[in-house]
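Reader: Please take a close look at one part of this model, the nonpolar core, and set it within its surroundings. I would ask for one connected account.

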Amino acid sequence: MKKEVKKQPKVALCRKCRGTGKIVSGRIVRKVETCPQCEGSGRVTVSCEMTLDIRPYKEEKEQTED
């Protein structure tokens with residue numbers, strides 16, 4: 001059985017910058033840049049469309065040798 005699932009958009013923290021809106025790069029010379037994913041807001045909208053393929057599980061019977 002296949003089932004189409006859609007989740008409505010919701011606001012979430014940006015995972016790339018952890019909600020700060022800035023990304024720090026470099027170990028010696030630190031460079032602070034605006035996050036390209038959230039464009040500096042620290043928030044993003046997330047939505048989802050997926051197809052679930054649900055099938056019954058049938059355990060294979062072991063063949064025994066006598």
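The account below begins with the core and then follows the chain outwards.

Author: The model is predicted, and local features are therefore reported only at pLDDT of at least 70 and side-chain atom pairs only at pLDDT 80 or more, while totals for chains, interfaces and linings use all residues. Residues are numbered from 1 along each chain as its sequence is written, and side-chain values use heavy atoms, with hydrogens and water left out.

The largest nonpolar core has five residues: C14, C17, C35, C38 and V44. Such a core is a set of buried Ala, Val, Leu, Ile, Met, Phe, Trp, Tyr and Cys residues joined through side-chain atoms within 4.5 Å. Buried here stands for under 20% relative accessible area, exposed for over 50%, and partly exposed for values in between, with a 1.4 Å probe and protein chains only.

One core member, C35, shows what surrounds this part. Apart from neighbours within four places in sequence, C35 is in contact (heavy atoms within 4.5 Å) with the core residues C14 and C17, and also with K16, G21, K22, I23 and G40.

L13 also belongs to this region, although it is in strand β1. Strands (E, at least two residues) and helices (H or I, at least four residues) are DSSP runs numbered from the N terminus. Once residues up to four places away in sequence are set aside, L13 touches G19, G42, R43 and V44, and V44 is one of the core residues. Another core residue, C38, is 25 residues from L13 in sequence, yet their C-alpha atoms are 9.0 Å apart in space.

Strand β1, which spans residues 2–13, is itself hardly covered: one of its 12 residues is buried. It runs antiparallel to β4, and 10 bridges join the two strands. Two strands pair if DSSP finds at least two bridges between them. Within this pairing, E4 has T51 of β4 as its bridge partner.

The other pairing is that of β2 with β3, which is antiparallel and extends over four bridges. I23, which was named above as a contact of C35, stands opposite E33 of β3. The two strands form a hairpin with five residues between them, and G26 in the turn has a positive phi of about 90 degrees.

E33 leads from this hairpin to the charged side chains. Side chains of opposite charge can pair when their charged atoms come close. A salt bridge is counted when a side-chain nitrogen of Lys or Arg is within 4 Å of a carboxyl oxygen of Asp or Glu, and by this rule there are two. In one of them E33 pairs with K31, with the closest N and O atoms 3.4 Å apart. E33 is partly exposed because its relative accessible area is 35%, and K31 is partly exposed because its value is 48%. In the other, D53 pairs with R55 at a closest N to O distance of 2.7 Å. D53 is partly exposed because its relative accessibility is 37%, whereas R55 counts as exposed because its value is 64%.

Two residues in the loops deserve separate mention. R18, in the loop between β1 and β2, is not a glycine but has a positive phi near 60 degrees. It is exposed because its relative accessible area is 75%. E39, in the loop between β3 and β4, is likewise not a glycine and has a positive phi of about 55 degrees. At 69% relative accessibility, E39 therefore counts as exposed.

The segment after β4 holds I54, P56 and E62. I54 is partly exposed because its relative accessible area is 43%. With M1, M50 and L52, I54 makes a nonpolar surface patch of about 360 Å². Patches consist of residues with over 30% relative accessible area and no salt bridge, with like charges joined within 9 Å and nonpolar side chains (Val, Leu, Ile, Met, Phe, Trp, Tyr) within 5 Å. The areas come from the Shrake-Rupley method with a 1.4 Å probe, and for residues only the protein chains shown count as cover. P56 is exposed because its relative accessible area is 66%; its C-alpha atom is 9.2 Å from that of M1, 55 residues away along the chain. E62 also counts as exposed because its relative accessibility is 75%. Between E62 and R43, 19 residues apart in sequence, the C-alpha separation is 53 Å.
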